[in-house]
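Student: I have the model open here and would like to go through it with you. Could you take my questions one at a time?

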Amino acid sequence: MPKVQFWIDYLGNKYRESTYIDQANIDWDKYDTIVEPFGGTFGFSRWLWDKKDMKNKKYVVYDSDDRLLNFYDVIKQKLNDGTYDDFMKSYDDLKEPTEALPKNERGVIKLTGRKQLCETLEEPLKTMYYYNAVLNRSALVFRSKKILGYEPMMSQVTFIHKKFTEINWDDYDLSRTLIYLDPPYIDSFNTNYKGEFEEFNPVVGLILDFFTEKKANVMLVHTENPLLDYILKPYTICTYGKIYGFTKRKAVHKVYYSELK
């Protein structure tokens with residue numbers, strides 16, 4: 001389990017799964033900047049910062065979800081202006097809206113009550129509650145005393161609302177930059193990314209270009225896919241099994257890695 005928790009209790013496991021990459025013995029000191037174009041809760045960057053003690057890096061997180069990135073920026077602002085502790089206490093003070101319901105009714109009614117409560121909250125409390133209690137249906141035991149740990153990292157992270165295909169890579173010294181890719185998977189397009197399917201083809205093409213043309217230091221995590229593996233097999237650095245939380249679906253994930261030439 002993570003040493004410290006995060007503001008958004010996302011069900012993705014990239015933080016924990018990143019430990020499999022250790023077997024590849026990558027020299028992380030070669031990189032000054034870590035870029036996550038499909039950032040979300042930037043689990044890989046947090047793993048480097050927390051587990052690998054990479055406290056001297058610059059982290060850049062892109063995402064198409066502007067609400068999520070705005071929330072991160074507000075956290076940074078509150079850490080700077082001294083209002084962070086009060087904000088976290090206000091989250092601690094939230095009560096489960098269905099606490100008094102009979103046990104056999106809780107499973108059905110709880111989410112409805114949470115949605116209603118969410119609409120009464122002000123930002124940024126509303127966003128934090130939405131992602132944790134409504135979208136991810138996490139238990140309301142997410143207390144600030146458990147989140148302590150990532151606050152110092154936030155000053156090293158830049159959040160940018162931009163699609164992967166819109167990033168200008170000329171802004172980076174690619175010889176000292178590692179691009180970590182955890183995109184929607186080719187064989188199971190994830191509508192949670194809020195992208196149109198026709199936008200997906202350019203994403204795949206750009207990812208393959210990074211590898212085949214050696215355009216950057218790039219790492220890709222993806223579910224096992226015969227076609228993708230046929231193309232990127234020479235770049236495979238590790239394989240691991242995964243069980244998805246809600247569905248209990250089993251999958252094999254592969255990590256591909258290529259260095260700039």
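Student: Which residues make the nonpolar surface patch of about 370 Å²?
Tutor: The patch is made by L227, Y230 and I231. Patch members have over 30% relative accessible area and no salt bridge (a side-chain nitrogen of Lys or Arg within 4 Å of a carboxyl oxygen of Asp or Glu), with nonpolar side chains (Val, Leu, Ile, Met, Phe, Trp, Tyr) joined within 5 Å; the areas come from the Shrake-Rupley method with a 1.4 Å probe.
Tutor: This is a predicted model, in which local features need pLDDT of at least 70 and side-chain atom pairs count only at pLDDT 80 or more, while totals for chains, interfaces and linings use all residues. Residues are numbered from 1 along each chain as its sequence is written, and side-chain values use heavy atoms, with hydrogens and water left out.

Student: And where does I231 lie?
Tutor: I231 belongs to helix α9, residues 226-232, where helices (H or I, at least four residues) and strands (E, at least two) are DSSP runs numbered from the N terminus. At 33% relative accessibility I231 is partly exposed, that is, between buried (under 20%) and exposed (over 50%), using a 1.4 Å probe and protein chains only.

Student: Switching topic, why is strand β7 largely enclosed?
Tutor: Because seven of the nine residues of β7 (250-258) are buried.

Student: Which strand joins β7 over seven bridges?
Tutor: That is β6 (residues 236-243), antiparallel to β7, with I243 opposite K250; strands pair if DSSP finds at least two bridges between them.

Student: Last one: is F42 buried or exposed?
Tutor: F42 is buried, at 0% relative accessibility, and has a positive phi of about 35° although it is not a glycine.

Definitions and conventions
Patch = residues over 30% accessible without salt bridge, like charges linked within 9 Å, V, L, I, M, F, W, Y side chains within 5 Å.
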